Amino acid sequence: MEQPDACGEQLDTKQSMTTDSTDSNQSAANRTVGLTIWDFIKMIAATVFVVALLYIILKFVNKKGHLYKGSQLIENLGGATLGANRSVQLIKVGKKILVVGVGENVQLIKEIDDLQEYEALLSAYNSRMDQLTQPGDILSKVLMKKSGSSEKKNESSSFQSLLKKQLGDLSKGRQELYDEIEKEKGSDKQ
């Protein structure tokens with residue numbers, strides 16, 4: 001306040017400095033307008049890196065899951081629903097495969113003793129699990145669906161036919177037991 005001339009000089013200096021800085025900012029902004037090809041390359045490289053990292057992590061988790069699953073004593077191989085709260089399940093217990101009916105209670109229907117059936121069921125299950133755990137790109141999956149849809153139908157129909165055969169054999173066995181019981185009741189009455 002005592003020196004008004006010095007105040008005016010400081011004000012002029014500040015104004016000239018701000019106009020110089022805004023001019024330099026504007027010229028820098030004019031030079032770097034938009035994205036360059038280098039920005040796109042960096043963006044694509046970062047995306048590829050993240051996708052590769054996710055792929056490696058998923059592979060690692062799947063391998064750990066397979067190791068854990070292989071050590072389980074009881075494993076559900078799959079099943080078919082028969083109605084509301086009713087299903088037939090294939091359960092692997094140790095070295096045995098059991099056909100179990102699940103409803104209001106759980107009941108053992110049959111134990112699979114035949115070695116060929118045992119191996120066929122396990123190979124069908126393992127191939128299905130391998131297909132689920134192998135990640136693939138969308139394009140190859142679409143191409144495989146178009147060309148390999150009949151193969152999947154054959155595989156699933158073979159599993160279904162095997163299950164139907166098992167259930168048919170079980171039905172015959174029960175019918176024979178029922179007939180034997182009826183014969184014994186008939187001979188007891190006479």
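This is a guided tour of the structure above, one selection at a time.

**Start with the whole chain**

Keep in mind that you are looking at a predicted model. Show the whole protein as a cartoon, and you will find four helices and four strands. Follow the chain along the sequence and the pattern reads α-α-β-β-β-β-α-α. Of the 190 residues in the protein, 14% are buried. Among contacts with a separation of 6 or more, 35% link residues 24 or more positions apart.

Now colour by confidence. The mean pLDDT of the protein is 75, and 63% of the residues reach 70 or more. Which parts sit at the two ends of the confidence range? Helix α1 (residues 4–31) is lowest, at a mean of 55, and β3 is highest, at 87.

**Select β1 and β2**

Next, pick out strand β1 (residues 74–83) together with β2 (86–93). These two strands run antiparallel and are joined by eight bridges. For one example of the pairing, display E75, which stands opposite K92 in β2.

Then move to the turn of this hairpin. Two residues lie between the strands, and here N85 takes a positive phi near 60°.

While you are in this area, show the side chain of S87, which lies in strand β2. Is S87 buried or exposed? S87 counts as buried because its relative accessibility is 12%, below the 20% cut-off. The side chain of S87 makes a polar contact of 3.1 Å with that of Q89. If you leave out residues up to four places away in sequence, the neighbours that S87 touches are A80, T81, L82, V100, G101 and V102.

**Select β3 and β4**

Turn now to β3 (96–102) and β4 (106–112). This pair is also a hairpin, with three residues between the strands. β3 and β4 pair in the antiparallel sense over six bridges. Zoom in on I97: the bridge partner of I97 in β4 is I112.

**Look for the salt bridges**

Side chains of opposite charge can pair when their charged atoms come close. How many salt bridges does the model hold? The count comes to two.

For one of them, select R86 and E104, whose closest N and O atoms are 3.8 Å apart. R86 belongs to strand β2 and E104 to the loop between β3 and β4, so this salt bridge ties together parts that are 18 residues apart in sequence. R86 is partly exposed, at 41% relative accessibility, whereas E104 is exposed, with a relative accessible area of 76%.

For the other, select K96 and E111, where the closest N and O atoms are 3.8 Å apart. Because K96 is in strand β3 and E111 in strand β4, the pair ties together parts 15 residues apart in sequence. K96 is partly exposed, with a relative accessible area of 44%, and E111 is partly exposed too, at 28%.

**Finish in the nonpolar core**

Now show side chains for L77, L90, I97, V99, I112, L121 and L122. These are the residues with the most contacts inside the largest nonpolar core, which has 13 residues. Which elements give two or more residues to this core? They are β2, β3, α3 (115–133) and α4 (138–189). α3 gives the most, with five residues.

Centre the view on L90, which lies in strand β2. L90 counts as buried, at 4% relative accessibility. L77 is 13 residues away from L90 in sequence, and their C-alpha atoms are 5.3 Å apart. Setting aside residues up to four places away in sequence, L90 touches E75, N76, L77, G78, I97, L98, V99, I112, L121 and F159.

Your last stop is I97 again, this time with its surroundings displayed. What is I97 in contact with, leaving aside neighbours within four places in sequence? The list is L77, L90, I91, K92, K110, E111, I112, Y118, L121 and L122. Two residues from earlier stops return here: I112, the bridge partner of I97, and E111, which forms the salt bridge with K96.

Terms used: Residues are numbered from 1 along each chain as its sequence is written. This is a predicted model: local features need pLDDT of at least 70, side-chain atom pairs count only at pLDDT 80 or more; totals for chains, interfaces and linings use all residues. Side-chain values use heavy atoms; hydrogens and water are left out. A nonpolar core is a set of buried Ala, Val, Leu, Ile, Met, Phe, Trp, Tyr and Cys residues joined through side-chain atoms within 4.5 Å. Buried means under 20% relative accessible area, exposed over 50%, partly exposed in between (1.4 Å probe, protein chains only). Contact means heavy atoms within 4.5 Å. A polar contact is a pair of N or O atoms within 3.5 Å; within protein, one must be able to donate a hydrogen and the other to accept it, and residues adjacent in sequence count only if both atoms are side-chain atoms. A salt bridge is a side-chain nitrogen of Lys or Arg within 4 Å of a carboxyl oxygen of Asp or Glu. pLDDT is the predictor's confidence in each residue, from 0 to 100. Two strands pair if DSSP finds at least two bridges between them.
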